[in-house]
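Here is a short report on a two-chain model. Keep the coordinates open while reading.

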Amino acid sequence: MKEIIDFNEIKTEAIKNLLYRLADDQLILGHRNSEWTGLGPILEEDIAFSSMAQDKLGHSQALYQLLHSMGEKDPDTIAFTRKVNEYLCCHLVEYPIGEYDFSLMRHFLFDMSEAIRFNMLSSSSFEPLAKIAKKFKGELKYHTMHAVTWINQLGAGSEESASRIQKSLDKCFPLALGIFEPSKYEETLISEKIFFGEKALQEKWLEAVIPVLKNAGLKIPLLENVKAAYGGREGVHTEYLKPLIDEMTEVYKIDSGAEW
Amino acid sequence: MSIKSIDPRVTRENLPEEPDQNPIKELNHWQTYEVFHQTKKGDHHIHVGSLHAPNAEMALILGKEQYARRYQCVNIWVVKSSDIFTSDYDDEDIFETTPEKMYREAGGYKVMDKINKFKKERKGV
């Protein structure tokens, strides 16, 4: 009997850890991308990018809500009151928005992984998560359509746009590999059919992004020369995360019960 | 002491008096596209507005968020504004009809009497 309980505990831990990783990625990147609101390169793109940033916040809220139903604190408390090292987001989402080419490349690399991840999760044995994953499908499809169209546009644009998007790819690639940092729960997640695992996801992601990047005329960094930016999933973050969280939680800290 | 305002409405950017004579490069020409959305399969596409985009693919991607992010929508069209052939407002009078031709308007048909009679009867029920 004792063994069974322990095993279920590990399973619950594994699911919660997965949910925190997914939700924190969405929250932090959603916040980052919203920094473009009002500053986007053109009005139409400003609106589209801001709208997608809102989608990300919505996704994080749905995942925090699921965590709440599993006994964690309520979504706002989870989002706004944790210490920096309690966030499990990857380094890619933490970086400042930089120039628009960087933000677009990050958006492309990250959202391609999200679309594949949630597609995988839509057949998860953990049904509440499978249900959420199905709900995200349409939004993520648009996000990747938007991203792919832009990458093609810039890759085939002028010499300047092609060289800038290439530089952004070179900068983003090691960070993007950090999305797939394995957790200590990989085996449990895989054997319990909750999630196919980060390794499987990374493979599918490479199969999906490489043709798009090649089609846009970009050079793919050699995997063996790239060091994946790991640490985020263990709570070890870049210097950029703390200032972001300080700013994001400013209002909450002044008045935690404020209605919007 | 004078304070130099950083408000662009007060302190204007020093722009050259002669505008730049170099023509805009081809790539920088963004066009206007008209956007039409359809709320239900089979319905008419309805014009909802316009936007700027470098080509049709980008217009579609941007048009989706611009005009279909809040309301029910199943399909959108984008059409280059310059591809629309339009009548001239100077010719607006071609749409005027003379009042003597009531027979050309639905209200002039004899059947209206029957419809009104039917409506009256329904009211009585």
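## The strands of chain B

Six of the eight residues in strand β1 (residues 31-38) of chain B are buried, so the strand is mostly covered. This is a predicted model. β1(B) runs antiparallel to strand β2 (residues 46-53) of chain B, and seven bridges join the two. Within that pairing, F36(B) has H47(B) in β2(B) as its bridge partner.

β1(B) also pairs with strand β3 (residues 75-80) of chain B. That pairing is antiparallel too, over six bridges. Here V35(B) is bridged to V78(B) of β3(B). In a regular strand, side chains alternate between the two faces of the sheet.

## Chain B overall

Which elements does chain B contain, and in what pattern along the sequence? There are two helices and three strands. Their order is β-β-α-β-α.

Of the 125 residues in chain B, 17% are buried. The chain exposes about 11,400 Å², and 54% of that comes from carbon and sulfur atoms. Take the contacts in chain B between residues at least 6 apart in sequence: 39% of them join residues at least 24 apart.

## Confidence in chain A

Chain A has an average pLDDT of 94. In this chain, 98% of the residues score at least 70. Confidence peaks in helix α4 (residues 100-121) of chain A, at 98. It is lowest in helix α10 (residues 250-254) of chain A, where the mean is 87.

## Helix α2 and what follows

What end-to-end span should helix α2 (residues 43-69) of chain A have? The helix has 27 residues, so at 1.5 Å a residue the expected span is 39 Å. Its end C-alpha atoms are 39 Å apart, which agrees. After α2(A) comes G71(A), with a positive phi near 105°.

## Three lysines of chain A

K16(A) sits in helix α1 (residues 2-34) of chain A. Is K16(A) buried or exposed? Its relative accessibility is 15%; the cut-off for buried is under 20%, so K16(A) counts as buried. Leaving aside residues up to four places away in sequence, K16(A) touches L67(A), M70(A) and E72(A). L67(A) belongs to the range of helix α2 (residues 43-69) of chain A.

K193(A) lies in the loop between α7 (186-191) and α8 (198-215) of chain A. Most residues other than glycine have a negative phi. K193(A) is not a glycine, yet its phi is positive, about 60°. At 63% relative accessibility, K193(A) is over the 50% cut-off and therefore counts as exposed.

K253(A) is found in helix α10 of chain A. Its relative accessibility is 56%, so K253(A) also counts as exposed. K253(A) and F80(A) are 173 residues apart along the chain. Their C-alpha atoms are separated by 8.4 Å.

## The interface between the chains

How many residues does each chain bring to the contact? Chain A gives 15 residues and chain B gives 14 residues. The area buried between chain A and chain B is about 1,300 Å². Carbon and sulfur atoms give 70% of that area.

Which three residues supply the most of the area that chain A buries against chain B? They are E44(A), Y142(A) and Q153(A), with 42% of the area on that side. E44(A) falls within the residue range of α2(A), residues 43-69.

How values were computed: Residues are numbered from 1 along each chain as its sequence is written. Chains are lettered from A and ligands numbered from 1 in the order in which they are written. This is a predicted model: local features need pLDDT of at least 70, side-chain atom pairs count only at pLDDT 80 or more; totals for chains, interfaces and linings use all residues. Side-chain values use heavy atoms; hydrogens and water are left out. Helices (H or I, at least four residues) and strands (E, at least two) are DSSP runs, numbered from the N terminus. The expected span of a helix is 1.5 Å times one less than its number of residues. Buried means under 20% relative accessible area, exposed over 50%, partly exposed in between (1.4 Å probe, protein chains only). Two strands pair if DSSP finds at least two bridges between them. Contact means heavy atoms within 4.5 Å. Accessible areas come from the Shrake-Rupley method with a 1.4 Å probe; for residues, only the protein chains shown count as cover. pLDDT is the predictor's confidence in each residue, from 0 to 100. Buried area is the accessible area (1.4 Å probe) that two parts lose on being put together, summed over both.
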